[in-house]
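Today's notebook page is about charged side chains and where they pair up. I kept the entries short, so follow along with the model open.

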Amino acid sequence: MYRFWHLGRHRHYRPRRLLRIAHAKRQHLGHSRAPPNVKITAVDGSVIANRGTTGGEAIALEDMSPYIPEAIVAIEDRRFYSHFGVDPLGLARAFVTNLTTGHMVQGGSTLTQQLAKNLFLSPDRTLERKVQEVLLALWLEQKYTKDQILAMYLNRVFFGSNAYGVEAASRRYFNKSARDVNLGEAALLAGLVKAPSRLSPARDPQAANARAQVVLQTMRDQGYITDDEVKTAMSQTPAKAKRYWSGAGHYVADMVMDQLPGLIGDVKEDIVVDTTIDKTLEKRAEQSLNDVLGKDGAKLDASQAALVSLDGTGAIRALVGGRDYADSQFNRAVTAKRQPGSSFKPFVYAAALEKGLTPFSVFNDAPIRIGDWTPENYEKKYNGEVTLATALAKSLNTVAAQLVMYDGPDQVIKLAHRLGIESELQPNASIALGTSEVSLTELTGAYAAFMNGGYKATPHVIRRVTTADGSKVLYENTYDNPPRVLSEAIAANMNTMMMGVINQGTGKSAKLSGWQAAGKTGTTQNSRDALFVGFTSNLTTGVWFGNDDGKPMKKVTGGGLPAKAWQEFMVAAHKGLSPAPLFGNGQFMADPANSGFGDQPVASAEPGVAPPLEEPTTIGSILSGVFGESADVSGRYPQAPDRPKRQPMAPTHGGPIPPADVAQDGGYGDGDALPPGDIGEPEPSPGGRPRRTTLLDLIMGQ
């Protein structure tokens with residue numbers, strides 16, 4: 001035996017070294033303790049998901065269904081209770097097989113050896129690791145009883161679908177505790193150990209059931225069960241397992257797990273992550289996307305959608321990364337970057353207001369050329385002289401392009417970054433039509449700065465991280481003192497202008513009865529992407545529809561499917577709440593920083609402006625909570641400084657502002673790709689189809 005222990009010439013084969021390692025880790029074993037678990041909870045404390053390497057609590061052997069240990073021993077190690085940690089017959093069989101094939105294909109490992117490997121060793125199939133495994137198995141047999149070893153094994157073994165341990169696996173596949181598993185279900189679990197991924201009932205139910213039949217026959221042959229029990233078990237249909245975790249909450253769980261290392265480092269103990277997610281809103285968000293996709297998705301060639309909804313502090317209340325997490329775990333709300341189309345225009349208009357223009361400043365909506373680019377409106381119709389408020393409501397591309405040249409692309413980019421857009425933006429004229437890619441989450445977070453009166457709203461989902469017993473706080477977010485990124489006047493004026501998008505413009509499908517709402521539609525070339533981002537005084541919500549492969553949809557615009565899904569979700573989210581006004585009360589106000597209206601000519605005020613409502617005085621009252629309390633889940637959001645008395649905007653008249661640097665060469669840098677001319681939004685029409693270009697139009701040059 002001494003010669004066997006000293007195979008090779010390496011000192012780390014020596015028993016004393018291995019025993020020191022084992023003794024050092026013994027304190028962490030307990031009778032069943034598994035690796036760290038991450039418990040992810042919603043704002044009400046309910047569990048969204050368990051993650052990490054476990055996914056379930058460890059339970060004692062006597063608390064499990066007795067069928068589970070019997071099935072495992074029968075199929076995995078029939079001589080478990082008679083050998084001393086190593087099965088000489090099993091080793092001999094594995095040795096012959098490996099010698100015949102020329103490489104390691106069988107391990108001949110007992111349950112004790114498998115536990116030793118899981119506790120202390122790497123999964124490498126080498127002679128060195130095999131010897132270490134044997135030595136540690138002998139040590140485990142000396143220190144623990146057979147039942148203790150079996151309990152530790154059952155609480156650590158991998159059952160597929162990221163389920164480690166019988167409790168996690170039972171809840172994963174049967175939606176019940178391992179305490180309540182019946183004979184047929186126990187056989188199915190035991191059968192998974194051989195090949196957890198390939199035999200998973202979530203992946204291949206037929207293969208899993210066939211393997212379970214083998215386990216049942218083996219249990220009968222070894223006297224654990226009778227023929228009648230086999231027949232009964234075979235007639236028991238295990239609960240149907242979904243192919244993977246299901247539910248939009250798992251997009252949130254993935255997001256949490258991605259962010260945790262940067263906040264607390266490696267997870268070394270059980271922790272609880274408190275999130276900002278409201279599970280009721282999460283379910284309503286998922287339902288709204290599936291309702292719209294189910295009704296119109298197939299006929300309009302729209303296969304995917306995403307939604308993110310946050311409050312004025314940036315706390316994410318609901319997030320849906322795709323149509324079905326079980327089908328695809330790719331998070332389209334956070335990870336995917338797409339062109340926002342016209343939903344980027346509010347940043348262009350806000351930059352123009354900062355430069356001194358007003359909602360009543362007049363531009364000429366007509367064919368233009370910027371360098372080699374000739375932007376066109378969606379329906380190739382032109383309105384002549386229009387105010388900025390009208391241009392934004394109708395999503396006129398020609399005016400947005402003129403504004404970019406008036407502001408300068410760099411100024412638009414600076415404002416967008418200030419409000420929360422983190423993606424790189426290209427400094428060219430086409431930025432007016434949203435040709436630089438962004439994520440839905442950062443776009444929605446930037447809109448929240450309009451909603452909350454001009455404060456930056458950094459999107460965040462993790463509120464607090466504590467140890468499992470709550471005795472130690474490992475992380476707590478610090479988004480309770482946001483900087484001001486827009487003046488009150490510009491935030492109020494942008495809100496009123498974007499109310500026009502919903503009331504008279506391209507976003508009519510997003511109207512909410514009784515609530516002031518504002519937003520902007522967005523559609524990219526050939527309807528590859530369609531977006532609607534909008535807000536009330538409670539929530540800012542962004543919705544995207546499209547296809548993962550970029551395939552065009554059938555004339556889907558931001559005012560279509562996205563606006564409908566947005567409206568359905570927001571109606572559900574605001575049910576039972578008392579309507580509260582948007583910041584600005586739906587009225588335009590003068591900007592003191594620009595001495596009222598400045599010297600810019602303006603036109604008459606637009607019709608249909610919402611009547612003034614009671615003016616809120618603090619950011620806390622502006623962000624009246626969706627949950628019947630302050631919008632900040634922690635209750636720590638500071639009040640805004642006192643606002644100066646608003647100056648009513650008295651409209652005057654004037655001529656149109658000539659577009660700056662338009663119809664001249666040099667609008668683009670060398671080598672820049674020219675943006676398409678047909679992106680934007682169609683103007684809503686009372687009925688009938690839009691007018692088509694006729695032969696006479698072509699002859700007349702129209």
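Before starting, I noted the cut-off I would lean on: a residue is called buried when its relative accessible area is under 20%, and exposed when that area is over 50%. I also reminded myself that this is a predicted model.

Entry one. How many salt bridges does a search of the whole structure find? I got 15.

Entry two. I looked up lysine 299 and found its salt bridge to aspartate 296, with 3.1 Å between the closest N and O atoms. Are the two partners buried or exposed? Aspartate 296 has a relative accessible area of 8%, so I logged it as buried. Lysine 299 comes out at 52%, so I logged it as exposed.

Entry three. I went on to aspartate 311, which forms a salt bridge with arginine 317; their closest N and O atoms are 3.0 Å apart. I checked burial here too, and both aspartate 311 and arginine 317 are buried.

Entry four. I then asked which residues are joined into one network by salt bridges that share partners. My list reads Arg220, Asp221 and Asp227.

Entry five. I turned to arginine 464 and aspartate 274, whose side chains meet in a salt bridge at 3.4 Å, N to O. Arginine 464 sits in strand E8 (residues 462-467) and aspartate 274 in strand E3 (residues 271-275), so this pair ties together parts that are 190 residues apart in sequence. Aspartate 274 has a relative accessibility of 15%, so I put it down as buried.

Technical notes:
Residues are numbered from 1 along each chain as its sequence is written. This is a predicted model: local features need pLDDT of at least 70, side-chain atom pairs count only at pLDDT 80 or more; totals for chains, interfaces and linings use all residues. Side-chain values use heavy atoms; hydrogens and water are left out. A salt bridge is a side-chain nitrogen of Lys or Arg within 4 Å of a carboxyl oxygen of Asp or Glu. Helices (H or I, at least four residues) and strands (E, at least two) are DSSP runs, numbered from the N terminus. Buried means under 20% relative accessible area, exposed over 50%, partly exposed in between (1.4 Å probe, protein chains only).
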